[in-house]
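Student: I am new to this structure and should be grateful for a close look at a single part of it. Please describe one sheet and the helices that accompany it.

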Amino acid sequence: MRELAASTITDQVAEMCEEANIYLGEDVFSALKDALETEESPTGKEVLKQLIENVEIARNEQIPICQDTGFAVFFVEWGQDVHLTGGSLEEAINAGVKRGYDEGYLRKSIVKDPLFDRKNTGDNTPAVIYTDMVPGDKVKISFAPKGGGSENMSAVKMLKPSDGEEGFVDFVVNQVKTAGPNPCPPIVVGVGIGGTFDKVAVLSKKALFRPVGESNPDPRFAELEKKIKDKINDLGVGPQGFGGRTFALAVHIEDYPSHIASMAAAVNLNCHACRHLEREL
Amino acid sequence: MEPKKIQAPLSDDDVMALKAGDTVLINGVIYTARDAAHKKLVELMDKGEDLPIDLQGQFIFYVGPTPAKPGQAIGSAGPTTSGRMDAYTPKMLEKGMKACIGKGLRSQVVKDALKEHKGVYLAATGGAGALLSKKIKKSEVVAYPELGPEAIHRLEVEDFPATVVNDAYGNDLYEEGAKQYAR
Ligand code: SF4
């Protein structure tokens with residue numbers, strides 16, 4: 001049995017919070033540069049230039065890419081041969097978030113209760129944490145600071161099996177169309193299909209952790225990702241909604257088996273500040 | 001098209017010279033306010049009391065920046081979603097505000113109020129917080145310090161880039177832009 005100290009998790013998480021908010025991943029960065037090549041609208045091009053310059057300024061001057069440094073979302077794959085010592089996983093991660101957001105001068109955007117006095121917790125905790133037990137003796141931590149503007153334009157819908165491919169595509173495209181300029185396009189569209197009401201929402205979130213440029217391993221879904229992306233870009237909404245060719249940088253579909261009576265679907269939107277980071281311990 | 005340089009505060013003539021789709025570089029003093037500050041300002045208006053800032057001709061920027069590091073004027077400072085301010089915007093315009101800067105869709109009520117009171121709505125690039133922070137040379141809290149990042153700040157800006165979305169003639173770049181490129 002391998003032992004792993006909770007303090008190691010805290011240290012890693014603190015670093016990841018700072019790093020993810022300041023350095024945009026190469027996957028999204030190169031997608032932005034590719035979009036600048038293909039964008040036809042002059043205003044759209046100007047926006048993309050600003051976004052590329054923004055990534056460079058953030059990197060060079062250690063400033064967060066975006067002021068919304070998000071809800072801290074984690075997917076943890078925990079090898080079942082690893083024994084955590086000196087604390088609980090949840091405490092260890094939240095301690096890391098608290099330190100990372102404080103030392104990194106990141107914005108604290110979490111309020112303690114959603115309905116009544118909405119008082120800021122002051123340290124951006126608690127995080128949202130999903131844990132999967134997996135074989136082996138490694139721990140993989142994936143982190144994404146998730147902005148509110150794009151999160152607010154997300155949705156779950158319990159489609160009927162008879163809605164078929166067309167109903168599914170329409171749901172996704174309409175949701176994105178309704179969002180329009182609000183989620184700071186160009187966007188990354190996370191889509192879930194299958195499973196239960198709760199499962200499909202998590203799938204759509206997980207889809208946002210996939211590197212931009214990678215497709216669903218099932219060629220049928222890979223094809224559908226392309227088709228939906230083209231439909232979205234044909235809306236003409238473009239960068240920041242000012243009109244143009246680049247509304248979506250990518251569409252990622254994550255699928256799961258479905259109940260015979262259901263076809264659950266979810267859309268989780270992310271902006272061009274599609275920050276995600278993985279580390280294996 | 002070259003961006004137009006504009007100087008805050010704005011007169012009615014300045015506003016009428018701006019059209020949806022224009023890109024501008026803003027210079028001078030602008031103020032920040034988000035949901036919580038708007039709520040307080042409108043409560044004062046409803047009670048007929050004086051506001052902590054004079055809105056005449058002013059720009060309001062919807063932003064909640066990250067904390068500034070030592071030596072920085074401000075942290076990352078991009079716009080937040082404007083729709084959350086829709087309920088307050090007509091009253092702000094009545095009190096003299098001439099321009100607001102945010103990102104995303106506005107309600108028809110806001111668009112009508114822009115026409116009625118001669119105002120403009122501009123979008124700054126959402127998520128370009130690092131770049132926009134470099135255009136802000138000075139920042140100080142002028143009201144509601146208890147609101148933290150949501151306090152009203154007075155910002156001195158130089159060539160702060162933005163795009164006119166809704167002008168005082170009823171044009172809407174979000175609608176027209178998408179129409180032009182849809183296929
Ligand atoms: S939607 Fe994304 S880019 Fe836009 S403000 Fe929110 S986190 Fe930043």
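Tutor: Helix H8 of chain A, residues 219–233, lies across strands S7 and S8 of chain A, and its direction is at about 145° to S8(A). The model in which this arrangement appears is predicted. A further helix, H7 of chain A (residues 197–207), lies across S6, S7, S8 and strand S9 (263–270) of chain A and runs at about 150° to S7(A).

The strands named here belong to an open sheet of 4 strands in chain A, with the order S6-S9-S7-S8 and mixed pairing. At its edges are strand S6 (155–159) and strand S8 (248–255) of chain A, each of which pairs on one side only. From one strand to the next, the twist averages 15°.

Within this sheet, strand S7 of chain A, residues 187–193, is paired with S8(A) in the parallel sense, over 7 bridges. One residue pair may be followed in detail: A:Gly190 has A:His252, in S8(A), as its bridge partner.

Helix H6 of chain A, residues 164–179, contains A:Gln175. This residue counts as buried because its relative accessibility is 17%, and the cut-off for buried is under 20%. Leaving aside residues up to four places away in sequence, A:Gln175 touches A:Met153, A:Ser154, A:Ala155 and A:Val267. A separation in sequence may also be set beside one in space: A:Gln175 and A:Ala266 are 91 residues apart along the chain, while their C-alpha atoms are 9.7 Å apart.

How values were computed:
Residues are numbered from 1 along each chain as its sequence is written. Chains are lettered from A and ligands numbered from 1 in the order in which they are written. This is a predicted model: local features need pLDDT of at least 70, side-chain atom pairs count only at pLDDT 80 or more; totals for chains, interfaces and linings use all residues. Side-chain values use heavy atoms; hydrogens and water are left out. Two strands pair if DSSP finds at least two bridges between them. Helices (H or I, at least four residues) and strands (E, at least two) are DSSP runs, numbered from the N terminus. Axes are lines fitted to C-alpha atoms, for helices over the stretch in contact, and angles run from 0 to 180 degrees between N-to-C directions. Contact means heavy atoms within 4.5 Å. Buried means under 20% relative accessible area, exposed over 50%, partly exposed in between (1.4 Å probe, protein chains only).
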